[in-house]
Amino acid sequence: MSLIDTLAGLPLVSPFIEFGFMRRALAGCLALSLGATPIGVFLMLRRMSLAGDAISHAILPGAAIGYLVAGLSLGAMTLGGLVAGIAVALAAGGVARNSVIKEDTSLATFYLMSLSAGVLIISMRGSNVDLLHVLFGSVLALDNDALLLLGSFASCSIVAITLGLRLIVLECCDPSHLSRISRLSPLAHYGFMVLVVINLIGGFHALGTLMAVGIMILPSAAARLWVDHIVPLILTAVLIAFTGSLCGLLLSYYINLPAGPAIVLTLGGLYLLSMAIGPLGPWWNRLRPRWHFER
Amino acid sequence: MSALIRFDNLTLGYNRHPAVHHLKGEIVAGSLLAIVGPNGAGKSTLLKGIVGELRPLQGHVELCGIKREHIAYLTQQSTIDGSFPIAIYDFVAMGLWAQFGAFRGFNRAARARIEEAIAAVGLSGLEDRPIGQLSGGQLQRARFARLILQDSPLVLLDEPYGAIDANTVRDLAALVRRWNDEGRTVICVLHDFAQVRQDYPETLLLAREQVARGATGEVLSEANLLRARQLAEAHGELPGAAVCSSEVGASAEHRHA
């Protein structure tokens, strides 16, 4: 009996051996875990989790215009989403800096307009199936081109974070200090926003516009309850993201659930578990013996 | 000694409202200068003008032989996100930015310098502790360690001893004196006149404009302090504005009178 045959008998592995679409979904999730999740860690640390959610909604009208022009074309929807996401991130930041409107409100106004415009554009020409595709993604239908795109985005993110870790860390931790000592401060800020947008577009293809940010924020928040240093935090978040994706895909296969929500809900479950037993969670210190008060 | 900073009719302010008026003069290299004055006198504004965070409304600041990004500047309000998961070691290491930038790795000599800086502020043994677990005084020591690594010829300190204990103040004040002994120019905004008299040979008394500048003993005269208080009141600050913390009691009596 060959190794493949042995593995095919294991319930945790057999779906990925038997079905190509499951292997592709797993590869897509691995790419998102390696690329999008580290960016999600910095979004969380910059207190921009909701901003990430807002930008993920904001890419919809661009993707919808791409769809209007070329149908469900990967390239057209990616390009449209990229332009719309960056435009909204810049516009929201510009309004916040130059008016009395704060950044959270500014992002909310833009994302509400973007989401409704995107749904409207797709409804004008597409079917309900197309609308469901862009809203909830199609992780089980990733083709070679989509996988290549997710892999490219993940590679860009890994290279950028590895090379620019010091820059990104200082920009998050003490942005005023960075702007005083270096002219790279705008590069750090806008470069990071571009990384956010491209990873949200990657997440959009797999998990849809409504849940793309899930694989960025949930593993990051879960990892934060275990680790108190930046590099271990990123690695833990990646591990949680991939474990949650794997479990979500298996749940989706065996219980016949929609794959995207199953992945995001599993990640949510890991977050709640971390909250319950993580050493930096609210319960850990209460359950630990109070050595200080013992004789 | 040559001038390190020149003020040419410098006016600084916010939203077109001046906070420092028509400042002239120069600060020579190697000075140890205290800036004192009532709240709202423009002390922090002047430091922001020197580092280029505020553009002058009129006139200009000229830096001689030093780039703005190489100035070591300790702000009054810490802008550090205390919840960020970064260890003291990595936080202090950011002080080497001018030498290593964003991308170069630290060599053995650099790592030794980081450890020395941490030891110099008395934080040895806490290198791996996240900054979020530090007390206010320990975080201030870590900020000073980062300044040490910046190795700048010009150090600006904006009320560096607020809300920290006497031992920490003593240690950090000794560090400031050592910087000056090494030939660095140190400009420090302070409210504690006893400390200014003890450590700073030269003082600038501000009250939106220069009230007096020169030897500390002469600048901190009763007449100058009264004049600073009157100017602060004239410029719309609170009636009875105190120039330093030790004057608060006197100001209260003045108001009751």
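Strand 1 and strand 4 of chain B pair in the antiparallel sense over five bridges, where two strands count as paired if DSSP finds at least two bridges between them. Helices (H or I, at least four residues) and strands (E, at least two) are DSSP runs, numbered from the N terminus. The model is a predicted one, in which local features need pLDDT of at least 70 and side-chain atom pairs count only at pLDDT 80 or more, while totals for chains, interfaces and linings use all residues. Residues are numbered from 1 along each chain as its sequence is written, chains are lettered from A and ligands numbered from 1 in the order in which they are written, and side-chain values use heavy atoms, with hydrogens and water left out.

A good place to start is the sheet that holds this pair. Strands of a sheet pair through backbone hydrogen bonds, either parallel or antiparallel. In chain B, an open sheet of three strands has the order 2-1-4, with antiparallel pairing. Strand 2 (17-28) and strand 4 (58-63) of chain B stand at the edges with a single partner strand each, so one side of each is left without a neighbour in the sheet. Direction ignored, neighbouring strands of this sheet are turned by 20 degrees against each other on average. Between strand 1 and strand 4, D8(B) stands opposite H60(B).

On the other side of the pairing scheme, eight bridges join strand 1 (residues 3-14) of chain B to strand 2 of chain B, and the two run antiparallel. Two partnerships can be followed by eye in the structure: L12(B) has V20(B) of strand 2 as its bridge partner, and F7(B) has G25(B) of strand 2. The hairpin of strand 1 and strand 2 of chain B has two residues between the strands, and N15(B) takes a positive phi near 50 degrees there. Positive phi values also turn up within the strands themselves. N9(B), a residue other than glycine, has a phi near 50 degrees and is placed in strand 1 of chain B. H22(B), not a glycine either, has a positive phi of about 45 degrees and is found in strand 2 of chain B.

Helix 1 (residues 43-51) of chain B lies across strand 1, strand 2 and strand 4 of chain B, running at about 120 degrees to strand 1. For such angles, axes are lines fitted to C-alpha atoms, for helices over the stretch in contact, and the values run from 0 to 180 degrees between N-to-C directions.

A second sheet of chain B is an open one of six strands, in the order 5-6-7-3-8-9 and with mixed pairing. Strand 5 (72-74) and strand 9 (210-215) of chain B stand at its edges, each with a single partner strand, so one side of each is left without a neighbour in the sheet. Here neighbouring strands are turned by 10 degrees against each other on average, direction ignored. Strand 3 (residues 32-36) and strand 7 (residues 185-189) of chain B pair in the parallel sense over four bridges, and L33(B) stands opposite I187(B) of strand 7. Helix 9 (residues 222-234) of chain B packs on this sheet, touching strand 8 (202-206) and strand 9, and its direction makes about 155 degrees with that of strand 9.

Attention now turns to the place where the two chains meet. In all, 30 residues of chain B are in contact with 26 residues of chain A, contact meaning heavy atoms within 4.5 Å. The chains bury about 2400 Å² between them, 57% of it on carbon and sulfur atoms; buried area is the accessible area (1.4 Å probe) that two parts lose on being put together, summed over both. In chain B, F84(B), P85(B) and W97(B) lose the most area to chain A, together 29% of what that side buries.

Side chains of opposite charge can pair when their charged atoms come close. Four salt bridges are counted between chain B and chain A, each a side-chain nitrogen of Lys or Arg within 4 Å of a carboxyl oxygen of Asp or Glu. The side chains of R180(A) and E53(B) meet in a salt bridge (2.7 Å, N to O). R180(A) lies in helix 10 (residues 175-181) of chain A and E53(B) in the loop between helix 1 and strand 4 of chain B, so the pair joins two chains.
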